[in-house]
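Colleague: I have the sequence and the coordinates open side by side. Could you take me through the structural details, one question at a time?

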Amino acid sequence: MGSNSLLFKCFITLFIFFPCLLCVICQNCGPSCRGGARSPTSPPGGNLTFADQRIAVVYQVIQDFKTKITADPFGITQTWVGPDICNGYKGFYCDNPPDNGSAVAVASIDFNGYNLAAPTLEGFIDRFPDLALFHANSNNFTGTIPSNISKLPYFYELDISNNDFSGEFPQSVLVINDLAFLDIRFNGFSGTVPAQIFIQPLEVLFINNNKFIQKLPDNLGNTPVSYLTFANNRFTGPIPPSIGNASETLIEVLFLNNKLSGCLPYEIGLLKEATVFDAGNNLLTGPLPFSLGCLEKMEQLNFAGNLLYGQVPEVVCELGSLLNLSLSDNYFTIIGPTCKKLVDSGVLDLRKNCILGLPEQRSAKDCWWFSLYHMSMSHRPCQYSMWYTTYIPCKAPPHPVHRGHHDHPRPKLGSKRKLLSYAALSRHRL
């Protein structure tokens, strides 16, 4: 009887404490041990554990986009498997989001050079709540830029260069408040560029090698960008005088290979921070403004392949930072001794002009016909007085001060700096 009583007590003890033991064990086991309940970091329909809940919420976004990929020559999407997005997925990079230094989130997507193809980015980049950068140079994406991208609180860089986008300028970028870098070069965008883009707080704007056709917006100079490329489009009309408003910020600007016309505004000389100004291969005419002599930091100055004429101002040839002054294929007739020295040193290119005594000039016949037409009283491309051309809006001397043997030598040809604007003329990533 005593042994039966002992067994009964043991049974009661197990009956009371066994459920509690199960609860303790379940605290250290997976969802299957808790009746199938999912952990907060597991995706719907999955049994994966993620580094952070913010990683978990974009897992399905990636998997959905993966099904839309129509070409993947390098097998990039084969790495998009499992929960370790931060370390295992090619093209995705994680960081601590600004609002939580201990959290982990997908902060940037870099598909540069992957040659992926997809019919749309809609429902992809706009569904990464912590995304700051999207770079996709050299792919085959089409469609439109998602409108909801403006709702991403940290987004500031967009590079969709060298893809297959077409249609009008991507309107959705106009409502991204903190966008600082926009690169849409080498696509098939056409139509006009909204004037609104020139009042956004951009630092870099590359729209070269598209099919934009319009007169340059009058508010172009209101842009705060440092690097600006319009090259290889179909822009028309004159360079607006408002460009002088960018005097504190504009460093490199490319207008080359468009259909720009009219005369050069003296306000170009106000760009005191500029190191590159390239308006080659257009239809610009008139004389060179003396105000260009104020561009003290200018290294690359190109007006080759236009319809410019008159004298090459000595004050321009006096610029101490010049590495290259390209004025070839115009109709200049006069140069002074300072400019002649730059020709001899290889800094100044004046081939195919109308300057007596220089080699490789235009024929006398070509120069005569140009003079007859473009300098006649009936054809006046520059509707302003002579002072407009000779005005110097800085402390540069009205006449050039020739360098003596004690002056510092001109820097050697070729810049060691990477010129970002010229790099944008290549299809590849910057």
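Modeller: Happy to! Two strands count as paired if DSSP finds at least two bridges between them. Please keep in mind that this is a predicted model.

Colleague: Thanks, let's begin with strand pairing then. Which residue in β4 is the bridge partner of Ser108?

Modeller: β2 and strand β4 (residues 133-135) pair in the parallel sense. Three bridges connect β2 and β4. Within β4, the residue that partners Ser108 is Leu133.

Colleague: And how many bridges join β1 and β2?

Modeller: Strand β1 covers residues 92-95, and its pairing with β2 is antiparallel. One residue to look at is Asp95, which stands opposite Ala105 in β2. The number of bridges between β1 and β2 is four.

Colleague: Is strand β2 largely enclosed or exposed?

Modeller: A residue counts as buried under 20% relative accessible area. In β2, residues 105-110, six of the six residues are buried. Strand β2 is therefore, with respect to the rest of the structure, largely enclosed.

Colleague: On to backbone torsions. What is the phi of Phe186?

Modeller: Phe186 sits in the loop between β8 (181-183) and β9 (188-191). Its relative accessible area is 10%, so Phe186 is buried. Its phi is positive although the residue is not glycine, with a value near 55°.

Colleague: Is Asn281 buried or partly exposed?

Modeller: Asn281 also has a positive phi without being glycine, near 55°. Its place is the loop between β16 (276-278) and β17 (283-286). The partly exposed class lies between 20% and 50%. With a relative accessible area of 42%, Asn281 is therefore partly exposed.

Colleague: Now the aromatics. What kind of pair do Phe230 and Phe235 form?

Modeller: The count of aromatic pairs comes to 27. For Phe230 and Phe235, the ring centres are 5.0 Å apart and the planes stand at 75°. Planes over 60 degrees apart put a pair in the edge-to-face class, so Phe230 and Phe235 are edge-to-face.

Colleague: How many residues apart are Tyr266 and Tyr391?

Modeller: Tyr266 and Tyr391 form an edge-to-face pair, with 5.2 Å centre to centre and 80° between the planes. This pair links distant parts of the chain: Tyr266 is in the loop between β15 (259-263) and β16, and Tyr391 is in the loop between α7 (386-390) and α8 (420-423). In sequence, the two tyrosines are apart by 125 residues.

Colleague: Of those two, which is buried and which is partly exposed?

Modeller: Tyr391 has a relative accessible area of 36%, so it counts as partly exposed. Tyr266 has 17%, which falls under the 20% limit. The buried residue is therefore Tyr266.

Colleague: Which residue lies over the face of Tyr331?

Modeller: For an arginine, the position of CZ relative to the ring is what matters, and the distance limit is 6 Å from the ring centre. Here the distance is 4.0 Å, and the residue over the face of Tyr331 is Arg362.

Colleague: Let's turn to the disulfides. Is the link of Cys86 and Cys94 left-handed or right-handed?

Modeller: The structure holds four disulfides, and one of them joins Cys86 to Cys94 with an S to S distance of 2.1 Å. Cys86 is partly exposed at 22% relative accessibility, and Cys94 is partly exposed at 25%. The torsion about the S-S bond is -90°, and the link is left-handed.

Colleague: What is the torsion about the S-S bond of Cys294 and Cys394?

Modeller: The sulfur atoms of Cys294 and Cys394 are 2.0 Å apart. This pair links distant parts of the chain, with Cys294 in the loop between β17 and β18 (300-302) and Cys394 in the loop between α7 and α8, 100 residues apart. Cys294 is buried at 6%, whereas Cys394 is partly exposed at 31%. The disulfide is left-handed because its torsion is about -85°.

Colleague: One last item: where does Cys367 lie?

Modeller: Cys367 forms a disulfide with Cys354, at 2.0 Å from S to S, and both residues are buried. Cys354 lies in the loop between β22 (348-349) and α6 (364-374), so the pair ties together parts that are 13 residues apart in sequence. Cys367 itself lies in helix α6.

Key: Residues are numbered from 1 along each chain as its sequence is written. This is a predicted model: local features need pLDDT of at least 70, side-chain atom pairs count only at pLDDT 80 or more; totals for chains, interfaces and linings use all residues. Side-chain values use heavy atoms; hydrogens and water are left out. Buried means under 20% relative accessible area, exposed over 50%, partly exposed in between (1.4 Å probe, protein chains only). Rings of Phe, Tyr and Trp (its six-membered ring) pair if their centres lie within 6.5 Å; planes under 30 degrees apart count as stacked, over 60 as edge-to-face and the rest as tilted. A charge sits over a ring if NZ of Lys or CZ of Arg is within 6 Å of the ring centre and within 35 degrees of the ring normal. A disulfide is a pair of cysteine sulfur atoms within 2.5 Å.
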